[in-house]
Amino acid sequence: MNLSRFPRIRYTEGYTPIEKLDKLTKHLGGPNIYIKRDDLLGLAGGGNKTRKLEFLMADAKNSGADTIVTCGAVQSNHCRLTLAAAVREGMKCQFVLEQRVPGSYDEMAGGNNFLFKLMGIEAVHVVEGGSDILGKMNEVAEKLKAEGRKPYIVPGGGSNEIGALGYVSCAQEILAQLHEKSLKIDHIVVTSGSAGTHAGMLTGMIGANAGIPVTGIGINARLNIQLDRVYNLCQKVADKLELKNNIEREDVVVFEDYIGEGYSRKTDGMVEAIKLLASLEGILLDPVYTGKTMYGMMDLIKKGYFKDCENILFLHTGGAPALYHYTDYFF
Ligand SMILES: *Cc1c(COP(=O)(O)O)cnc(C)c1O
């Protein structure tokens, strides 16, 4: 796989660290747990969207865009980072924000919402949960065109075959690091949301013949929907890369057991996992994604899904800025 064929703007210098979580490993008494610190990626606050935006913003720039239109939930990390990238590139940015929890948009809310304002979002268009988000983004883009501007639509979560290249690239980065460290990893655990992360990582690992399975923890959609979403995006990424290796349905593994009542809703397991990582390792997870994923990994360890002798790599996809909006989940 030759990723240098695709235009890219770097937002992070070098690699993000892979660290061993000694205290968590000891506490859980099972496999060795390592963490890939993608919470330390570049742009405002770090997190997985930065990798996708490296390819998406390069594409936007090449198209001559002057305004980015994207969408997300009311506390979207993706929107925060897309805005940060737009600011970097001297472009304007507009959001379509979906109230996945009814009435959840509060113009004065903290967390990511505060950062939207701080970085100078041009306009926020709020829609109800389940609306035609792409339709609304197209409408916003058409209006901009009518004003003589050049909009570029970044899809939700940056998860199309261009954005997912960011996680193909991450897979290559991880393999280089494991080689340098002489570290053998047996499993990678990732959050599976809009699926660019999961699909990119899986395609990257299969494309490199790495033999490292990727386990996804769902945070939003029910199992069959999520399996299809990841599988379909893998096929598109594989086509873009002209990959010879096939990605089979069985390669896509997702657990739906840790979503709780729905996207961004509190679960006891999420709270437990966030408190544990903060107090044992000084690492901040987030309530919407990585807290649920970490709890899922802990529960799978307890259930014997991983062997005690194995080395597990947990992908930390970021999200901590949202913690400051959800403080009432904790104490
Ligand atoms: C968006 C996001 C995810 C999910 O990644 P997808 O590529 O959408 O599946 C995980 N963690 C955090 C912190 C995120 O912001």
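Helices (H or I, at least four residues) and strands (E, at least two) are runs assigned by DSSP and numbered from the N terminus. With that numbering, Ser182 sits in the loop between helix 6 and strand 7. The structure is a predicted model. This briefing covers an open sheet of 4 strands, the helices around it, and a few single residues.

**The sheet**

- The strand order in the open sheet is 5-4-3-6, and the strands pair in parallel.
- Strand 5 (123-128) and strand 6 (151-153) are the edge strands, each with pairing on one side only.
- From one strand to the next, the twist averages 25 degrees.
- Strand 3 (residues 67-73) is joined to strand 6 in the parallel sense by 3 bridges. Here Thr67 has Pro151 of strand 6 as its bridge partner.
- Strand 3 also pairs with strand 4, in the parallel sense, over 7 bridges. Cys71 is placed opposite Val96 of strand 4.
- Strand 4 and strand 5 are parallel partners over 6 bridges. In strand 5, Val127 is the residue opposite Glu98.
- Strand 4 is largely enclosed by the rest of the structure, because 7 of its 8 residues are buried.
- In a regular strand, side chains alternate between the two faces of the sheet.

**Connections between the strands**

- A right-handed β-α-β unit is made by strand 3, helix 3 and strand 4.
- The crossover from strand 4 to strand 5 passes through helix 4 (residues 111-118), and this β-α-β crossover is also right-handed.
- Helix 3 (residues 77-88) lies across strand 3 and strand 4 (92-99), and the helix runs at about 165 degrees to strand 3.

**Helix 2**

- Helix 2 (residues 49-62) has 14 residues, which at 1.5 Å a residue should span 20 Å. The C-alpha atoms at its ends are 19 Å apart, in agreement with that value.
- At Phe55, helix 2 bends by about 25 degrees.
- Of the 14 residues of helix 2, 11 are buried, so the helix is largely enclosed by the rest of the structure.
- Among these buried residues are Lys49, Arg51, Leu53, Phe55, Leu56 and Met57.
- The cover over the buried residues of helix 2 includes strand 2 (32-37), strand 3, helix 3, strand 6, helix 6 (165-181) and helix 7 (196-207).
- Gly64 follows helix 2 and has a positive phi, near 80 degrees.

**Helix 8**

- Helix 8 (residues 223-241) contains 19 residues. The distance from its first C-alpha to its last is 27 Å, close to the 27 Å expected at 1.5 Å a residue.
- Buried residues in helix 8 include Gln226, Val230, Tyr231, Leu233 and Cys234. Val237, Ala238 and Leu241 of helix 8 are buried too.
- These buried residues of helix 8 pack against helix 6, strand 7 (187-192), helix 7 and strand 9 (253-255).
- Glu242, just after helix 8, has a positive phi of about 50 degrees.

**Cys170**

- Cys170 is part of helix 6.
- The relative accessibility of Cys170 is 0%, so the residue counts as buried; the cut-off for buried is under 20%.
- Leaving aside residues up to four places away in sequence, Cys170 touches Lys36, Asp38, Arg51 and Met201.
- Cys170 and Asp38 are 132 residues apart along the chain, and their C-alpha atoms are separated by 9.3 Å.

**Loop residues with positive phi**

- Most residues other than glycine have a negative phi.
- Ser182 is a residue other than glycine with a positive phi, near 50 degrees. Its relative accessibility is 68%, so Ser182 counts as exposed; the cut-off for exposed is over 50%.
- Asn209 is located in the loop between helix 7 and strand 8 (214-218). Phi of Asn209 is positive, near 55 degrees, and this residue is not glycine either.
- Asn209 counts as exposed because its relative accessibility is 63%.

Notes
Residues numbered from 1 in each chain as written. Predicted model: local features only at pLDDT ≥ 70, side-chain atom pairs only at ≥ 80, totals over all residues. Heavy atoms only, no water. Pairing = 2+ DSSP bridges. Axes fitted to C-alpha atoms, helices over the stretch in contact; angles between N-to-C directions. Contact = heavy atoms within 4.5 Å. Expected span 1.5 Å × (residues − 1). Bend = angle between axes of the 7 residues up to and from the residue. Buried < 20%, exposed > 50% of the residue type's maximum accessible area, 1.4 Å probe, protein only. Right-handed = clockwise from strand over helix to strand, strands pointing away.
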